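Student: I should like a close look at the nonpolar interior of this protein, set in the context of the whole chain. Please treat it in one connected account.

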Amino acid sequence: MSELNEQQSRAVLHIEGPLLVLAGAGSGKTRVVIHRIAHLLEIGIPPAEILAVTFTNKAAEEMRNRIRNLKNAFILASTFHSLGSRILRESIHHLGYETNFSIYDEDDSEKLLKSIFQDKGLSAEKGPLKEARSFISRSKNDLLTPEQSGSGDLLSSLYQSYQEKLKECHAVDFDDLLFLTVHLLQSHPSVLEMYQNRWRFLLIDEYQDTNFAQYTLAKLLSASHHNIFAVGDPDQSIYSWRGARYQNILNFSSDFPGATIITLDQNYRSTTTILEAANALIEHNENRFKKHLWSSLGEGDKIGLYTAMNEKQEASFVAMQINQIKRRNSIGLNEMAIFYRTNAQSRPFEDALLSQKIPYTIIGGVSFYQRKEIKDLLAYLRLIVSEADLISFLRTINLPKRGLGPSTLDKIVAAAQEHQRPILSFCRSLLEDPNLAPGLKLGPKAKQGLSDYLSILDTLRKQQPYLSLSDLLKETITRTRYLSYLQEDKETEQDKKENIDELLAKAIEWEQEQESPSLTQFLEELSLKTSSREDPEIPTVKMMTLHNSKGLEFPIVFFVGLEEDLLPHINSKDDASAVEEERRLCYVGMTRAKRKLYLTHAVYRYMWGTERYMRPSRFLKEIPAEYTEKKEF
DNA sequence: GAATCGTCTGTTTTT
DNA sequence: CAGACGATTC
């Protein structure tokens, strides 16, 4: 306790009733949260009654570990989405869904939506498809059912069909993990009561980034006991595009009557220079609650500004600086990070670091689990669990080629739909009774292919109870002849094989960690997990998007690509509030730095295959010159 | 039904 | 530039 300042101690000692901690960047928020949980445990609250909701899986994992190390106790720490899936796995039958539902990612749900467009005879162009996707997503995040989302117009009827089809597939999408959970709890008071009794102390991190569904979920779960402990910072709200409403944090005291509000405004992370520069920047936001963070860590170095000719030079500059800092100041690579606005910007940095032999790790990025070979295999695994998972069926049925092309599949799917049967069991019946669907005749090749396919799945399903997860995966790879399928493309074969090995390693590692590993649980975890694994043995420079940097800190930060149209991003240009969000994003990036911050931009940059002239970001001009110094190569 | 070639088209950010 | 998609041919 002696390490805490007065406001921090007040927050830590808070026990019952609603509390909001307005925690500025670097104000010791994590420390408060951990100590507060520890305190609850000390006064005898059972760990099982504590639920901590964080924004990322990584943060959840960290919180679990710290509590375990500190108090040897296991609390439930998860993201809103994992929490939703946990609740649904247990209670979704109240809504008439199967318990073994699949979780569809963006890719899967887009495919499903596309098939709906085709069913309805609409042209499935990207534009309209995307529009419908985001309409549906937005509606769910705002807790609107298809009926509520619009009166019989096209979009809401697409939403309606989409939702029906998901259910037919025994699947839910990401947004459903929140939407259906809230729906379930609202429509079944006894279920709600069960969870309210289970988790009597609720902690919500990054409260400024909750959307309406998440906010409602938090409210529901705490409605009986009001023990909600929310932490957030409106200046770091950067997810409005996902439906987040930072107003939630401003409305906290009216939402939760009798709420205590504690402000943490002393920064323990950054030098005064970095902090004042960030303060100056964020003060350009009109729509903002005034606050001023201060630091007692001393002035420190000036912020390094570097103007590169192009993105290649920008990357070499950073690589060179990294080597120099490492040599001269003996600072490890783990202490350094590169932040950018878009994932595509990582490319030149990868090249530069590679050529300078600097090991790096990309946090986030194109997820391992989104790679085709991984998704293919996971789709097979899903089908072992689910009879109805249409998207996984379509993904795997002709892979390797089994003589079932688009037109045959269209017919099969339509017939299954007509008969209202899960896709796999329909196919099985179809083979037994060729007259099942008149007008659907399978050629000998297709028939053989389908029968091969089904018997692979049947065998795997029969073996499942006797095999460990990793052996089941191995068996899947063998039986489906997946590796020989990969040989068709010699270019990518090696990479993909390595990825598959990694998946196997992951499965082995996972089943060793779990007490009772189940396939369903494994699949669930993988579909919710985005971050790829890193080797803790080797120190590496971390590269990530600004969004991914939230909640982290590094002694040395290279914040790159500060150019108009990139930051603020071109899509935010005509919208004042969107520009303010970009500014908050910039603020988040800057305030991650503890000792030294570099801001770089390039004059020319290759985009869409052509060289573009880039103007320095307006945000650079908003940082007073007294805090910065120009750097040369 | 499968393979190949060309055309288009697009890029935020993520659970 | 790269990946996705469609048209064309076998």
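What share of the contacts in chain A with a separation of 6 or more is accounted for by residues 24 or more positions apart?

Tutor: The model is a predicted one. In chain A, residues 24 or more positions apart make up 77% of the contacts with a separation of 6 or more. The secondary structure of the chain consists of 27 helices and 18 strands. Chain A is as compact as a globular protein of its length, because its radius of gyration, 26 Å, is close to the 26 Å that the globule rule gives for 633 residues. Along the principal axes, the C-alpha atoms occupy a box of roughly 80 × 60 × 50 Å. Buried residues amount to 55% of the 633 in chain A.

Turning to the interior, the largest nonpolar core contains 81 residues, and the members that touch the most others are L221, F393, I412, I423 and Y453. Helix 8, residues 176–187, supplies the largest share of this core, with 7 residues. L221 merits a closer view: beyond its neighbours within four places in sequence, L221 is in contact with L51, L83, L185, L192, Y195, Q196, W199 and L202. Another core lies apart from the largest one and has 37 residues, including F55, I303, V557 and L585.

As for the outside, chain A has an accessible surface of about 28,300 Å², and carbon and sulfur atoms contribute 49% of that area. The chain carries 78 positive and 86 negative side chains, with the centres of the two sets 2 Å apart.

Methods
Residues are numbered from 1 along each chain as its sequence is written. Chains are lettered from A and ligands numbered from 1 in the order in which they are written. This is a predicted model: local features need pLDDT of at least 70, side-chain atom pairs count only at pLDDT 80 or more; totals for chains, interfaces and linings use all residues. Side-chain values use heavy atoms; hydrogens and water are left out. A nonpolar core is a set of buried Ala, Val, Leu, Ile, Met, Phe, Trp, Tyr and Cys residues joined through side-chain atoms within 4.5 Å. Buried means under 20% relative accessible area, exposed over 50%, partly exposed in between (1.4 Å probe, protein chains only). Helices (H or I, at least four residues) and strands (E, at least two) are DSSP runs, numbered from the N terminus. Contact means heavy atoms within 4.5 Å. The radius of gyration is taken over C-alpha atoms; the globule rule is 2.2 Å times the number of residues to the power 0.38. Accessible areas come from the Shrake-Rupley method with a 1.4 Å probe; for residues, only the protein chains shown count as cover. Lys and Arg count as positive and Asp and Glu as negative; His and the chain ends are not counted. The place of a charge is taken as NZ of Lys, CZ of Arg, CG of Asp or CD of Glu.
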